[in-house]
Amino acid sequence: MQTDIPLIPDLGRNDRRVLGLLFRHRALTQSGLVEQTQLTQQSVSRILARLGETGLVGTGGRVSAEGRRGYPSTALSLRPEHGFSLGIAVLAGRVSLVISDFSGSTRAQKGLSLNPVGVSRTLDAVDEALDELCGSVGYARSQLTGIGIAVSGSFIAGGGFNTPTYLEEWAGIDVERLFADRFGVIALADNDGNAAAVAESQFGVGRWADSFAYLYISAGVGGGVILDGEPWRGRHGNAGEFAGGLPPHIFPFPNLELLRQLVVREGEAFDTVDAMVQGFNADWPAIEEWIARVKDSLSIIASNATAILDVDAIVLGGQMPTELAHRVIPHIELFDQKRRSVPRPVARIVPAEASGEVAAIGASLLPLKRLFFGAE
């Protein structure tokens with residue numbers, strides 16, 4: 001990488017539009033960018049020349065435009081070697097790290113077992129692990145553009161997170177300032193449901209559904225909302241807290257902690273949800289009881305999400321195994337009055353398609369989207 005080229009250049013609105021399209025579609029021709037942006041050919045050409053000079057965009061192979069005659073056109077894409085971002089998910093008993101290159105592709109992942117997950121201990125462990133991760137993929141730390149942090153919990157007035165009890169040290173603190181001061185780059189924090197929804201939008205269901213509700217099902221239940229390809233966080237950042245609509249002490253939260261308790265009662269030894277997910281067995285008899293207990297809760301959540309948001313899909317994600325999602329989906333009912341015997345269009349209920357440490361992957365995309373691909 002040339003040292004005289006700024007890592008984060010000044011970008012105008014149309015520069016960001018072009019970069020955002022290349023980020024979402026992975027590769028496009030110049031004519032495709034003209035069609036998508038509704039800018040003139042000359043404007044797009046000037047933008048691409050400028051982005052090429054700053055090292056953000058490069059050319060690849062030649063592709064034929066579908067349904068058009070003529071010579072193949074050159075494909076344009078983001079240059080992955082321009083820089084990288086670090087995604088961090090602060091979870092129960094562990095911290096997950098992901099390095100994503102400038103194109104958004106995951107280049108390296110690492111899990112850190114920390115119990116308890118203290119703030120100072122996490123900062124030190126991440127600092128040490130970053131050198132190892134950079135070395136494994138050939139990046140220098142100077143190429144770090146930003147850090148995204150996903151934390152379990154909801155945003156509270158005045159800043160910070162209202163975290164679960166197992167993340168007591170993280171409650172109410174300025175997470176972004178902590179990481180920005182330690183690493184000297186922009187740091188953006190979001191809850192784990194929103195971050196996972198961002199990952200699903202880029203690498204999963206978002207490839208065919210522009211709008212979806214993402215249920216982040218793990219030890220608890222959270223989620224995120226993607227509308228027209230972009231996260232919708234609501235006034236306080238807590239949109240997607242789907243379980244908040246369940247009457248307390250009437251409908252059980254449809255989380256994996258309940259399944260763990262049922263499985264343990266049958267003789268399986270799992271101390272944490274993480275351990276249970278790693279050893280998941282679709283033949284456990286406890287699964288049927290879990291489905292019987294949570295199907296009404298999931299039906300209420302899914303019905304509210306599709307009725308209020310009118311999305312393409314309801315996604316069962318987080319730490320939920322795909323086999324478990326397939327088992328429970330047929331039992332989820334979408335309530336509909338069917339006025340005049342005509343059903344209204346409803347969302348598809350599907351398992352998540354993005355794989356890996358989705359909260360950390362989504363967190364790694366947050367600084368890239370803020371610095372390069374989002375609105376000014």
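This tour moves through two sheets, the helices packed on one of them, and a set of charged side chains, in a model that is predicted.

**First stop: the sheet that contains β5**

Begin by selecting strands β4, β5, β6, β7 and β10, which make up an open sheet of five strands in the order β6-β5-β4-β7-β10, with mixed pairing. The edges are taken by β6 (106–113) and β10 (186–191), and each of these has a single partner strand, so one side of each is left without a neighbour in the sheet. If you look along the sheet, the twist from one strand to the next averages 15 degrees.

Now narrow the selection to β5 (residues 94–101) and β6, which run antiparallel and are joined by seven bridges. Two pairs can be labelled here: Ser96 stands opposite Gly111 in β6, and Val95 stands opposite Leu112 in β6. The hairpin of β5 and β6 has four residues between the strands, and Gly104 in this hairpin takes a positive phi near 95 degrees.

On the other side of the comparison, select β4 together with β5; these strands pair in the antiparallel sense over eight bridges, and Leu86 stands opposite Ile99 in β5. β4 and β5 also form a hairpin, with two residues between them, where Gly93 in the turn has a positive phi of about 80 degrees.

Stay with β5 and show its side chains. Which way do they point, and are they buried or exposed? Arg94, Ser96, Val98 and Ser100 point one way from β5, while Val95, Leu97, Ile99 and Asp101 point the other way, and all are buried. This arrangement can be read against a general pattern, in which the side chains of a regular strand alternate between the two faces of the sheet.

**Second stop: the helices on this sheet**

With strand β5 and its seven bridges to β6 still in view, add helix α4 (residues 119–137), which packs on the sheet and touches β4 (84–91), β5, β6 and β7 (144–151), its direction making about 145 degrees with that of β6. Then add helix α5 (residues 175–183), which also packs on the sheet, touching β4, β7 and β10, and whose direction makes about 150 degrees with that of β10.

**Third stop: salt bridges**

A search of the whole structure finds 19 salt bridges, and a few of them are worth selecting in turn. Select Asp127 and Arg141, which form a salt bridge with the closest N and O atoms 2.9 Å apart. Asp127 lies in helix α4 and Arg141 in the loop between α4 and β7, so the pair ties together parts that are 14 residues apart in sequence. Asp127 is buried, with a relative accessible area of 18%, whereas Arg141, at 33% relative accessibility, counts as partly exposed. Widening the selection to Asp124, Asp127, Asp131, Arg141 and Arg182 shows residues that are linked in a network of salt bridges.

Next, go to Arg265 and Glu289, whose side chains meet in a salt bridge at 2.5 Å, N to O. Arg265 lies in helix α7 (residues 256–265) and Glu289 in helix α9 (residues 286–309), so this pair ties together parts that are 24 residues apart in sequence. Arg265 is exposed, with a relative accessible area of 55%, and Glu289 counts as partly exposed at 26% relative accessibility.

**Fourth stop: Glu200, Arg207 and Glu353**

Select Glu353 and Arg207, whose side chains meet in a salt bridge (3.7 Å, N to O). Glu353 lies in the loop between β15 (348–351) and α11 (358–373) and Arg207 in the loop between α6 and β11 (212–217), so the pair ties together parts that are 146 residues apart in sequence. Glu353 is partly exposed, with a relative accessible area of 36%, while Arg207 counts as exposed at 58% relative accessibility.

Add Glu200, found in helix α6 (residues 192–203). Which side chain of opposite charge is nearest to Glu200, and how far away is it? That side chain is Arg207, 6.7 Å away, and Glu200 is buried yet has no salt bridge. The side chain of Glu200 does reach the backbone nitrogen of Glu353, at 2.8 Å. Among the residues that Glu200 touches are Val205, Phe212, Tyr214, Val315 and Ala352.

**Last stop: the sheet that contains β15**

Finish with the open sheet of five strands in the order β13-β12-β11-β14-β15, again with mixed pairing. Its edges are β13 (230–231) and β15, each with a single partner strand, so one side of each is left without a neighbour in the sheet. Strand β14 (residues 313–318) and β15 pair in the parallel sense over four bridges, and the bridge partner of Leu316 in β15 is Pro351.

Definitions and conventions:
Residues are numbered from 1 along each chain as its sequence is written. This is a predicted model: local features need pLDDT of at least 70, side-chain atom pairs count only at pLDDT 80 or more; totals for chains, interfaces and linings use all residues. Side-chain values use heavy atoms; hydrogens and water are left out. Two strands pair if DSSP finds at least two bridges between them. Axes are lines fitted to C-alpha atoms, for helices over the stretch in contact, and angles run from 0 to 180 degrees between N-to-C directions. Contact means heavy atoms within 4.5 Å. Buried means under 20% relative accessible area, exposed over 50%, partly exposed in between (1.4 Å probe, protein chains only). Lys and Arg count as positive and Asp and Glu as negative; His and the chain ends are not counted. A salt bridge is a side-chain nitrogen of Lys or Arg within 4 Å of a carboxyl oxygen of Asp or Glu. A polar contact is a pair of N or O atoms within 3.5 Å; within protein, one must be able to donate a hydrogen and the other to accept it, and residues adjacent in sequence count only if both atoms are side-chain atoms. Lists of a residue's contacts leave out its neighbours within four places in sequence.
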